[in-house]
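Please look at the spaces enclosed inside this protein, and then at one of its helices, before reading the notes below.

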Amino acid sequence: MSHQKTINFPQNFLWGSASAAYQIEGAWNEDGKGPSVWDTFTKIPGKTFQGTNGDVAVDHYHRYKEDVALMNEMGLKAYRFSIAWSRIYPEGRGKINEEGLRFYDNLINELIKYDIEPIITVYHWDLPQALMDLYGGWESREIIDDFNNYCITLFKHYGDRVKYWVTLNEQNIFIQMGYDLGTHPPSVQDPKRMYEANHIANLANAKAIQSFRKFVPNGKIGPSFAYTPSYPFSSHPEDILAFEAAEEMTSHWWLDIYCWGHYPQTVWNYLEKEGLTPTIEDGDFELLKFGRPDFLGMNYYRTGTVERNPLIGGIGKGSMNTTGKKGTTKDHGIPGQYKTRKNPYLEATNWDWEIDPVGLRIGLRRLTSRYQLPILITENGLGEFDKLEENDQIHDDYRIEFLRSHVEACGLAIQDGVDLIGYCTWSFTDLLSWLNGYQKRYGFVYVNRDEHGEKDSRRIKKKSFYWYKEVIASNGQTIFKS
């Protein structure tokens, strides 16, 4: 589908950017904050690139006013940030830490002062370590009430000023990497435990949304999903079948529950045969019906291409590139279902992520057709090696081109009929990239630190900072001028 006329973004479009508490705040044990599973996990040798952690990160906790002032200078319309659960409840439950509440009060008020819409992510992976120690975190149904109580605390405290809320960030990622691949905490490699934990997280999400309706009746809430649209490698019918399996298993499995309250039948049948279905208790599906969101948060970075994968001799788990050495990712799959293949039509980043702006448009259209919900792009960006040059210059033209092509795809999707609320880049400042250290930079603002130390952590505007400022000021029209 091609369009001839000028692309117009809605007048109230949320041109934003995003971050996560553990990746930017630092102050990991200050002002009453308790440890999270990431505070613990990153101290285990060999888990992260060169042993990097978020103890200091980019020191946003102490420099948030400086960072928000830069957002204002850019003209940002929205800022999505997460709240650290253990900064509010150091033990995950029990006594509230007033200093933690105050920090986010101050951040929200600072954003509002500059007419920047705050978007809160309730959970961005940093589970309180105390709850992991107490009952195993997401593997226990106890977490449903603890998470709900934490959410209610936030809803009551910030709901008067915050309209947009994200419940769980990338449940598909933190569950799979934590309980199947073992590369995130709690480093489990057991698919049965993964599906059990995932079901419990779905219940917690639904219960939190149910509470939200009571405490923030005029607000909007939804989960944020890491969507990697699948392509078939060829038109061979078996590759098409593999593509269908990949889309069902990597996307519909989570999104159908969020939006409809039930699991896709084909995946359930497969898991049943493999002995992997989660435990279902009375009332589970009744609760899940409450989980239908007001919008879908979509984190988009890439597409994936798949082909048939034989049941006997097929490939299983692969490996991720966490060093930035291009070409080191190994394909993965599920025997009898699908396996990944390199797409010969796409370039890739140094971390082997396919660069595919058309895939963003495809993804937006697929989600709209299937779920009929507004969409907020909660993350989209390029992680690369940025070079600080003479006179504090960072010429990140590659990032500008990446974002320009993806913003254009958003505009085309809107013309296709997608109800797109806004577009949040990942990220505003550079930050700690979970397993990749500080070398993988995403921000419009360079932070002068690296794997070896915080240096002075100066904020330095990249070329892309000025580009996005013009995009916002023109409501997206500058991307079509060339």
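The notes below cover the cavities and then helix 5. The model is predicted, and the structure holds 6 cavities of 30 Å³ or more. The two described here are the largest cavity, with a volume of about 90 Å³, and the second largest cavity, with about 80 Å³ of space.

**Largest cavity**
- The lining of the largest cavity is made up of V37, W38, Y123, W125, L127, M132, W138, F174, Y179, H184, P185 and P186.
- Two elements, helix 2 (37-41) and helix 8 (171-179), each give two or more residues to this lining.
- By residue type, the lining of the largest cavity has 11 nonpolar residues and 1 polar residue, with no charged residue.

**Second largest cavity**
- The residues that line the second largest cavity are A21, Y22, E25, G26, W28, K33, S36, D39, G54, A84, R87 and D126.
- This lining divides into 4 nonpolar, 3 polar and 5 charged residues.

**Helix 5**
- Helix 5 covers residues 98-113, and because each of its 16 residues is counted at 1.5 Å, with the span taken as 1.5 Å times one less than the number of residues, the helix should span 22 Å, which agrees with the 22 Å between its end C-alpha atoms.
- The buried residues of helix 5 are G100, L101, F103, Y104, D105, L107, I108, E110 and L111.
- What covers these buried residues includes helix 1 (21-24), helix 3 (60-74), strand 2 (78-82), helix 4 (85-88), strand 3 (117-123) and helix 7 (142-158).
- Helix 5 is followed by D115, which has a positive phi, near 60°.

Conventions:
Residues numbered from 1 in each chain as written. Predicted model: local features only at pLDDT ≥ 70, side-chain atom pairs only at ≥ 80, totals over all residues. Heavy atoms only, no water. 1 Å grid on protein atoms, 1.4 Å probe; cavity = no way out; pocket = protein on both sides within 12 Å on 5 of 7 lines; lining within 4 Å. Points joined across faces, edges and corners; volume = space filled by probe spheres on them. Helix = DSSP H or I, 4+ residues; strand = E, 2+ residues; numbered from the N terminus. Nonpolar A, V, L, I, M, F, W, Y, C, P; charged D, E, K, R; others polar. Buried < 20%, exposed > 50% of the residue type's maximum accessible area, 1.4 Å probe, protein only. Contact = heavy atoms within 4.5 Å.
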